[in-house]
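Got your viewer open? Let's take a short walk through this model, one selection at a time.

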Amino acid sequence: MADPKTTSQDVLNDIESHTPEAMHPILEAAFKHQKQLILAVCVIIALAALYAGYNAYAAKSEASAQAELGAILVKTQGKDRIPQLEALLDTVPASVKPAVAMEIAQASMTHGEYAKAVTYWDMLINETESDMQFAARIGKVKALMLTGKNADALTDMKALADTASEAYAVPVYRQLALTAESAGDTTEALAAYKKLAEKNVADKQFIDYKISQLESE
């Protein structure tokens with residue numbers, strides 16, 4: 001059997017005889033480190049395979065979690081749904097947690113567990129963005145009001161009004177007006193109703209009435 005080192009050297013000599021002398025150091029380095037290069041390629045291939053396997057597993061886990069969530073929503077009613085959803089929340093992948101948390105928050109609101117709802121609205125606020133985060137912030141304000149924490153609700157609502165886009169202006173100022181009234185802040189409520197009066201709202205007569213009422217107080 002031919003010596004592998006001798007064979008490699010013969011191949012190198014043959015290649016060098018057909019290439020410019022300036023290329024010889026590069027060729028020699030490539031041959032010298034060919035084992036390391038082959039090993040590096042093997043590692044990359046192995047990592048790619050592991051990544052593909054992880055993605056497949058993650059997709060399967062997500063589909064399974066979504067199926068479990070659907071089964072709970074179909075099979076359970078009333079307060080019995082909440083503990084089952086909470087148990088599910090501990091086991092699902094991160095991509096499914098917001099959907100489960102939303103269901104828990106909504107179920108808690110429906111069944112009068114407002115303090116619990118605040119907890120899950122907070123979770124959604126911290127873990128989501130855009131439309132879902134907006135819905136969670138409004139949900140938390142309503143839950144705080146229903147627990148009698150009107151001052152806290154107003155603080156959160158004012159913060160939301162300061163950052164909300166124009167697309168959310170009407171629901172934000174409407175909720176801000178209601179929250180401010182509940183907290184006894186007539187000045188803030190009046191300002192919110194006046195903002196609403198500038199928008200194209202269906203109940204403009206009611207808004208004008210509230211402005212007149214608050215201005216007379």
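Start with the whole chain in cartoon view. Reading from one end of the sequence to the other, you'll meet the pattern α-α-α-α-α-α-α-α-α-α-α. That comes to eleven helices, with zero strands. Keep in mind as you look around that this is a predicted model.

Next, switch on the surface for the chain. Its accessible area is about 13500 Å², and carbon and sulfur atoms own 58% of that. How many of the residues count as buried? Of the 217 in the chain, 29% do.

Now turn on contacts, keeping those with a separation of 6 or more. Within that set, 42% link residues 24 or more positions apart.

Time to zoom in on a pair of helices. Select residues 81–89, which is helix α4, and residues 114–127, which is helix α6. At what angle do α4 and α6 pack? It's about 30°, and their axes lie 14 Å apart. Angles under 35 degrees count as roughly parallel, so α4 is roughly parallel to α6. Rotate the view to look at how they pass: the crossing of α4 with α6 is left-handed.

Show side chains for the residues that make this contact. On α4, pick Ile82, Glu86 and Leu89. On α6, pick Lys116, Tyr120 and Met123. Colour them by type, and the α4–α6 contact splits into four nonpolar residues and two charged ones, with no polar residues.

Definitions and conventions
Residues numbered from 1 in each chain as written. Predicted model: local features only at pLDDT ≥ 70, side-chain atom pairs only at ≥ 80, totals over all residues. Heavy atoms only, no water. Helix = DSSP H or I, 4+ residues; strand = E, 2+ residues; numbered from the N terminus. Buried < 20%, exposed > 50% of the residue type's maximum accessible area, 1.4 Å probe, protein only. Contact = heavy atoms within 4.5 Å. Areas by Shrake-Rupley, 256 points an atom, 1.4 Å probe, with all protein chains shown as cover. Axes fitted to C-alpha atoms, helices over the stretch in contact; angles between N-to-C directions. Parallel < 35°, antiparallel > 145°, perpendicular 65-115°, else oblique. Left-handed = near helix turned anticlockwise from the far one by under 90°. Nonpolar A, V, L, I, M, F, W, Y, C, P; charged D, E, K, R; others polar.
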